[in-house]
Amino acid sequence: MPRLIEGIIEAFTLIITLDPNLMKIIMLSLQVSGAAVALSMLCGVPLGAFLGLKPAVRTRFVSKILYTLMGLPPVVAGLIIYLLISRAGPLGVFGLLYTPTAMIIAQFTLAMPIIAGLTMVGIRSRGKEIQETARTLGASRLLTAWTVIRESRFAIFGAIVTGFGRVIAEVGAVMIVGGNIDGHTRVMTTAIVLETSKGHYELAIGLGVALLVISFVINSLLYYLQGGVGSYDRRL
Amino acid sequence: MAKMQEKKEKKSLSGQLLGIALILMLVFSLLIGAGCSQGAVTPQNDDEAGEEAAAGAEGDEQVAEEGEFIILSTTTSTYDSGLLDFMLPAFTEKYGIEVRVVSQGTGQALETGKRGDADALLVHDRASELQLVEEGYFTDRQDVMYNDFIILGPAGDPAAIKGMESATEAFTKIAEEEEIFISRGDDSGTNRRELSIWDKTGVNERGEWYKSVGQGMGDTLRMAGELQGYTMSDRGTYLSLKDTLDLEILVEGDPNLFNQYGIMAVSPEMHSHVKYEQAMKLIDFFMSPEGQDMIASFKIGDDTLFFPGKGVE
Amino acid sequence: MTGGYEILSVEKLTKKYEKEVLHVEKLSFEKGKIYGLIGPSGAGKSTFLRLINFLESPTTGRIFFRGKEVFGNGRLDLSTQRGMTMVFQKPVLFKTSVSENVAYGLKARGFPKEEIREKVELLLKKVGLEAFAGRHAGSLSGGEAQRIALARAVAFDPGVLLLDEPTANLDPNNIEMFEDLILNLNKEKEMTVIMVTHNIFQAKRIAHEVLFFYEGYLVEKGPASQIFSSPEDPRTRAFVEGRMVY
């Protein structure tokens, strides 16, 4: 017990003094997951909107694949990406293994299906009628597409935040493809695993607290957004 | 909205959305192709580019350049001990080559090397190492340092193995008493050695008491401590974690517990992209008098963790 | 009401899903008239409306709008699309302010800001909701929302206004207000109105011409007075006399 308290005290010292080692790991986590989610958003939102506007029966197969991928265990994603980008794999020539790029790719495969899937569900509820209303009011194709996305913005933001929450907290994929290299590919989750195995609880706890804070912010945002969606839907 | 443009639009809305998605995916794959990493915030930003250049100019590059790096695949036991944190800064200082350390079990580390995903290896499974050198995967193997394995257990020692000289006998006793034994079970060098000792005991049926946990050395020690069971560890990792563990050394000194570490380069003939020249610099550094002295001087408290060179079995 | 030239017509228009749901040999609509489309559920009225508003493409057949064939070159151009608009049974308002909703079609057409502001103000006054300009569209009642949907649809003076059961969910007060607005627009702007309704009395009240659809076919078309007093087809008679179960 005293070790635990000691660890917590030291952890907060690290956080309050903005320990450079801690900050570096947190920054890298945010950057890797941020980049992965940004790319997932750029691909996933249009894809989800495209699928959401199709009749559900016609996208049944794609939906099944998407739902399966939404539940893809991070280690499996990590393994697949590892086999692809390892030197012995088909994309080996690019030398991506053990780089932040590899981690972004792995997290992209985790976040993209979530963002596309949740966008699809969000748009399916009202997308078709929005699309028809916009068209009949004389909107161009582009404006129609934009209107559909704009009208589903709460669902889409929710999808993006959910995707970010998933990848920032995952450890399996980044461990395999990033290699947990100090100062290069070490993110919060992999650092926690390592520091725990080494018995360095202070840093592990400090990172844990940082992760919890980030998770809290994300979930508050999500809660707020879902509240927003709910209230508008009830009124319309 | 420009009216001219709108009149020419003919694709369906769905088609347009799909188009946007495809274009973005194309851009994305180009980004990957260019190897440009948005996450690289470390000062070694240009490393991917540097790596490609180095791969292209493999073989004729004698002088290390700024921002160069190699990947060293090593075992958790070496990494967790802190030896590399102690030695590698000196190497980087001297040669300007950054060493990125990926720590895995020996089995996985050897596999990583075989696939060409690392440039150099620091592992401890001599028999496998020599065989893989024979098969052409690795080259320039050197016996870089050694220490030993130890058998640990709770202070109460319920199986009464304390002071035994033979690891085989100690294991047999633990099996007879059916006391908890935690095995790493991760195909690491330590795990392979442990299994070879079990082979010698002739105990083939290992029951509930034998727990194969599939974890690194640090986690395995931690579990042994929590469950108050027996385990086998390399001395280095144990010493580095000693203060946080509730375990004692019960058996040591058996020649079967001898632990030789080897350092070697991934063969450039097998994988033309590997940075053989730089890997050789690392091997030479570890084998140099300076490197060997550093290994000998690395201590945790009063304990020496590794002994330089080749040990005698 | 002057009655005018032919603004919209169709030829051999059919729509098939699993089976044929609509089959119209030849039909035309004149500028400035109000048409009431009546018939039992599943008669193809709504499908017909969706086809002539280009929300779905016909399986076969041709549509002419303002003398030009729609889909003539295999695609729909935006100016044709913009000549017509529709108000649905359920008002679909965008999640923004009431005035932004009314301005949507004008903005899409690139009207100058000042003109949009004036038009929106005028329209809100016309539908009796000028006090609601800054309110969020989500806060309106069903009747108010449908009036805003109508204001939004007629803001850009469409040549043809399509109405798909627009008052089905409204209370009598709002229905009356809505019908008055339609009659007014028709008178002032000579707007052609094609309205699907399952309420034959509504057709009787506001339509100049009534079209009776049955099982995908146009059975009878004529002046409202004639359809309701002396229909030619026995099915039409059964329907307007309330003897048909639907």
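A salt bridge here is a side-chain nitrogen of Lys or Arg within 4 Å of a carboxyl oxygen of Asp or Glu. The legends below walk through a predicted model, one close-up at a time.

**Figure 1. A salt bridge between B:Glu252 and B:Arg235**. Here the two side chains meet at 2.6 Å, N to O. B:Glu252 sits in the loop between β8 (248-251) and β9 (258-266) of chain B, while B:Arg235 belongs to helix α11 (residues 235-241) of chain B. The pair links distant parts of the chain, 17 residues apart. How accessible are the two partners? B:Glu252 is partly exposed, because its relative accessibility is 40%. B:Arg235 has 15% relative accessibility, so it counts as buried. Over all chains, the count of salt bridges comes to 34.

**Figure 2. A salt-bridge network in chain B**. Some charged side chains do not stop at one partner. B:Arg126, B:Glu129, B:Arg141 and B:Asp143 are linked together in a network of salt bridges. As a bit of background, side chains of opposite charge can pair when their charged atoms come close.

**Figure 3. Aromatic rings grouped in chain B**. Ring pairs link B:Phe171, B:Phe181, B:Trp198, B:Trp209 and B:Tyr210 into a cluster. The structure holds 20 aromatic pairs over all chains. One of them joins B:Trp198 and B:Tyr210 edge-to-face, with 5.7 Å centre to centre and 85° between the planes. B:Trp198 lies in helix α9 (residues 189-201) of chain B and B:Tyr210 in strand β6 (residues 210-212) of chain B, so this pair ties together parts that are 12 residues apart in sequence. Is B:Trp198 buried or exposed? B:Trp198 has a relative accessible area of 0%, so it is buried. B:Tyr210 is buried too, with a relative accessible area of 13%.

**Figure 4. An edge-to-face pair in chain C**. Now we hop over to C:Phe29 and C:Tyr35. Their rings form an aromatic pair with 4.7 Å centre to centre and 85° between the planes, which makes the pair edge-to-face. C:Phe29 counts as buried, because its relative accessibility is 0%. C:Tyr35 is at 1% relative accessibility, so it counts as buried as well.

**Figure 5. A salt bridge joining two helices of chain C**. The side chains of C:Glu188 and C:Lys126 meet at 3.2 Å, N to O. C:Glu188 is in helix α6 (residues 172-189) of chain C, and C:Lys126 is in helix α4 (residues 113-126) of chain C. How far apart in the chain are the two residues? They are 62 residues apart, and the pair links distant parts of the chain. C:Lys126 has a relative accessible area of 35%, so it is partly exposed.

**Figure 6. C:Arg50 and its salt-bridge partners, C:Glu56 and A:Glu132**. Within chain C, the side chains of C:Arg50 and C:Glu56 meet in a salt bridge of 2.6 Å, N to O. Both C:Arg50 and C:Glu56 are buried. C:Arg50 also meets A:Glu132 in a salt bridge, at 2.3 Å, N to O. So which chains does that second bridge bring together? It joins chain A and chain C, and across their interface the rule finds 2 salt bridges.

**Figure 7. Where chain A touches chain C**. Zooming out a little, this contact takes 21 residues from chain A and 30 residues from chain C. Between them, chain A and chain C bury about 2,200 Å², 53% of it on carbon and sulfur atoms. There are also 12 residue pairs in polar contact across the interface. Which elements give two or more residues to chain A's side of the contact? They are α5 (100-136), α6 (141-151) and α10 (201-235) of chain A. Of these, α5(A) gives the most, with 8 residues. The residues on this side divide into 7 nonpolar, 5 polar and 9 charged.

**Figure 8. Chain A, helix after helix**. Chain A has 10 helices and 0 strands. Its C-alpha atoms fill a box of roughly 65 × 45 × 25 Å, taken along the principal axes. Of the 236 residues of chain A, 58% count as buried. Looking at contacts in chain A between residues at least 6 apart in sequence, 75% join residues at least 24 apart.

Definitions and conventions
Residues numbered from 1 in each chain as written. Chains lettered and ligands numbered in written order. Predicted model: local features only at pLDDT ≥ 70, side-chain atom pairs only at ≥ 80, totals over all residues. Heavy atoms only, no water. Contact = heavy atoms within 4.5 Å. Buried area = accessible area lost by both parts, 1.4 Å probe. Polar contact = N/O pair within 3.5 Å; in protein donor to acceptor, adjacent residues only side chain to side chain. Helix = DSSP H or I, 4+ residues; strand = E, 2+ residues; numbered from the N terminus. Nonpolar A, V, L, I, M, F, W, Y, C, P; charged D, E, K, R; others polar. Phe/Tyr/Trp six-rings, centres within 6.5 Å; stacked < 30°, edge-to-face > 60°. Buried < 20%, exposed > 50% of the residue type's maximum accessible area, 1.4 Å probe, protein only.
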